Amino acid sequence: MEHGLNFDCYDGWEIVQSTVMGATGGVSLGAIVKFAKGAKAAKAAKNNRNRFPENPDDLLPDLPRDAKGRIYPSDKVRIRPEKHPVKPGETYSPRHHGQHYHVETRTDPTKSWNNKNNTTKVKPPEYQRGEGTGFLPGEKFPGAQ
């Protein structure tokens, strides 16, 4: 299955378009998110465009979040900002213990996100087993150029 999240910036507006391609065909969604105005904000937005932010509150700020802070750009895409404490005996892994973002898709929106046969975690480029599947702040959105 191929996943892509495409983010383009035009005049202080960010158009977020997600495409999920798979055996069942393609699914597209669009959402418009307004950026803060001003030269400093515009420069920061340009430099960080298409990248996950340090602060999860800065990711798609106009979209609602559930009680756990998860963002649902559509009924088929979920972004889970997470950060976990290091437990005794564990080795620090930025993709697990530091701020990171899980991007998940599901084929059938009528089925639960907990149904593993219906959901897929989008993995970061050069993902290595055991390092965690989260995207780090500063990394590009899946499919971004």
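## Tyr101 and the nonpolar core

In this predicted model, Tyr101 is in contact with Phe52, Pro53, Glu54, Asn55, Pro56, Leu59, Ile79, Arg80, Pro81, Gly134, Phe135 and Pro137, leaving aside its neighbours within four places in sequence. Tyr101 also belongs to the largest nonpolar core, which has 12 residues in all. Among the other members of this core are Phe52, Leu59, Ile79 and Phe135, and each of these four appears in the list of Tyr101 contacts as well. The rest of the core consists of Leu60, Leu63, Ile71, Val103, Val122, Phe141 and Ala144.

## Overall layout

The protein has one helix and seven strands. Along the sequence these elements follow the pattern β-β-β-α-β-β-β-β.

Of the 145 residues, 37% count as buried. Among contacts in the protein with a separation of 6 or more, 44% are between residues 24 or more positions apart.

## Two residues with positive phi

Most residues other than glycine have a negative phi. Leu60 and Glu126 are considered here for this angle. Leu60 is not a glycine, yet its phi is positive, at about 45 degrees. Leu60 lies in the loop between helix H1 (39-48) and strand E4 (71-74). Is Leu60 buried or exposed? Its relative accessibility is 6%, so Leu60 counts as buried. This residue is also one of the members of the largest nonpolar core.

Glu126 is likewise a residue other than glycine with a positive phi, here near 60 degrees. Glu126 is found in the segment after strand E7 (119-122). With a relative accessible area of 75%, Glu126 is exposed.

## Arg80 in strand E5

Arg80 is placed in strand E5, which covers residues 77-82. Why does Arg80 count as buried? Its relative accessible area is 13%, and buried means under 20%.

Not counting residues within four places in sequence, Arg80 is in contact with Arg70, His100, Tyr101, His102, Glu104 and Lys121. Arg80 and His100 are 20 residues apart in sequence, and their C-alpha atoms are 8.3 Å apart in space. The side chain of Arg80 takes part in polar contacts with two acidic side chains listed here: one with Glu82 at 2.3 Å, and one with Glu104 at 3.1 Å.

## Tyr72 in strand E4

Tyr72 is located in strand E4. Its relative accessible area is 29%, so Tyr72 is partly exposed. Outside the residues up to four places away in sequence, Tyr72 touches Pro64, Asp66, Val77, Arg78 and Trp113.

Which side chains make polar contacts with the side chain of Tyr72? The side chain of Asp66 does so at 3.2 Å, and that of Arg70 at 3.5 Å. Tyr72 can also be placed relative to Glu104: the two are 32 residues apart in sequence and 9.8 Å apart from C-alpha to C-alpha.

## The second largest pocket

The second largest pocket has a volume of about 180 Å³. Its lining is formed by Arg78, Glu104, Trp113, Asn114, Lys116, Thr119, Thr120 and Lys121. Several of these residues have appeared above. Arg78 and Trp113 are touched by Tyr72, while Glu104 and Lys121 are in contact with Arg80.

Which element gives the most residues to this lining? Strand E7 does, with three residues. By class, the lining has one nonpolar, three polar and four charged residues.

## Asn118 in a loop

Asn118 lies in the loop between strand E6 (100-106) and E7. Asn118 counts as buried because its relative accessibility is 5%.

The side chain of Asn118 reaches the backbone nitrogen of Asp108 at 2.8 Å. Asp108 is also among the residues that Asn118 touches, not counting those up to four places away in sequence. The others are Thr105, Arg106, Thr107, Lys111 and Ser112.

Definitions and conventions: Residues are numbered from 1 along each chain as its sequence is written. This is a predicted model: local features need pLDDT of at least 70, side-chain atom pairs count only at pLDDT 80 or more; totals for chains, interfaces and linings use all residues. Side-chain values use heavy atoms; hydrogens and water are left out. A nonpolar core is a set of buried Ala, Val, Leu, Ile, Met, Phe, Trp, Tyr and Cys residues joined through side-chain atoms within 4.5 Å. Buried means under 20% relative accessible area, exposed over 50%, partly exposed in between (1.4 Å probe, protein chains only). Contact means heavy atoms within 4.5 Å. Helices (H or I, at least four residues) and strands (E, at least two) are DSSP runs, numbered from the N terminus. A polar contact is a pair of N or O atoms within 3.5 Å; within protein, one must be able to donate a hydrogen and the other to accept it, and residues adjacent in sequence count only if both atoms are side-chain atoms. On a 1 Å grid over the protein atoms alone, a cavity is a set of points where a 1.4 Å probe fits but cannot get out, and a pocket is an open set with protein on both sides within 12 Å along at least five of seven lines; lining residues have an atom within 4 Å of a point. Grid points are joined across faces, edges and corners, and a volume is the space filled by probe spheres set on the points. Ala, Val, Leu, Ile, Met, Phe, Trp, Tyr, Cys and Pro count as nonpolar, Asp, Glu, Lys and Arg as charged, and the others, Gly among them, as polar.
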